[in-house]
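Please follow this explanation with the sequence and the structure side by side, moving from the chain as a whole to its strands and then to its surface.

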Amino acid sequence: MTLSILDLAPVVSGGTVGDALRRTLDLARRAEEFGYRRYWLAEHHFAPGVASSAPAVLIALVAAATSTIRVGSGAVQLGHQTPLSAVEQFGLIDALHPGRIDLGIGRSGQRRAELTADPTADP
């Protein structure tokens, strides 16, 4: 059976973002040790209990802390950055960790909502 982990890098009550990131790295090392195949990181913004707002950065950190497990994004939100930016970031990470990096993409409704908003509407 192939096993994977999807991690939000949760910030526990009384904890810090740094603590959450260290726990993510520890969990990724353990997952690799126990034979998990993939370690996915989700992207969330403006969520005080979640430290995974920059998936490319976190994926690079996890890949550097492990040696064989595949590491990737649950869905990089293209509403928050350009597709070119995402591809370039993941290309750089893959250059250091060839064949281990997965890029999942998604679309946030935020940019679409901003582009289609009625400029004459009262805020």
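Of the contacts in the protein chain between residues at least 6 apart in sequence, 71% join residues at least 24 apart, in a model that, it should be said at the outset, is predicted. The chain has 123 residues, of which 34% are buried, and it contains 4 helices and 6 strands. Followed along the sequence, these elements give the pattern β-α-β-α-β-β-α-β-β-α.

Which strand is joined to strand E2 (residues 38-41), and by how many bridges? The partner is strand E3 (residues 70-73), which runs parallel to E2 and is joined to it by 4 bridges; within this pairing, arginine 38 stands opposite arginine 70 in E3. Between E2 and E3 the chain passes through helix H2 (residues 55-65), and the resulting β-α-β crossover is right-handed.

Strand E3 also pairs with strand E5 (residues 101-102), again in parallel, through 2 bridges, and here valine 71 is the residue that stands opposite isoleucine 101 in E5. When examining such pairings, it helps to recall that in a regular strand the side chains alternate between the two faces of the sheet.

Turning to the surface, the protein chain exposes about 7,500 Å², and carbon and sulfur atoms supply 58% of that area. Val87, Leu103 and Ile105 form a nonpolar patch there, with about 270 Å² of accessible area together. Of these residues, valine 87 belongs to helix H3, which spans residues 83-96.

How values were computed:
Residues are numbered from 1 along each chain as its sequence is written. This is a predicted model: local features need pLDDT of at least 70, side-chain atom pairs count only at pLDDT 80 or more; totals for chains, interfaces and linings use all residues. Side-chain values use heavy atoms; hydrogens and water are left out. Patches are made of residues with over 30% relative accessible area and no salt bridge: like charges are joined within 9 Å, nonpolar side chains (Val, Leu, Ile, Met, Phe, Trp, Tyr) within 5 Å. Accessible areas come from the Shrake-Rupley method with a 1.4 Å probe; for residues, only the protein chains shown count as cover. A salt bridge is a side-chain nitrogen of Lys or Arg within 4 Å of a carboxyl oxygen of Asp or Glu. Two strands pair if DSSP finds at least two bridges between them. A crossover is right-handed if, with the strands pointing away from the viewer, the path from the first strand over the helix to the second runs clockwise. Buried means under 20% relative accessible area, exposed over 50%, partly exposed in between (1.4 Å probe, protein chains only). Contact means heavy atoms within 4.5 Å.
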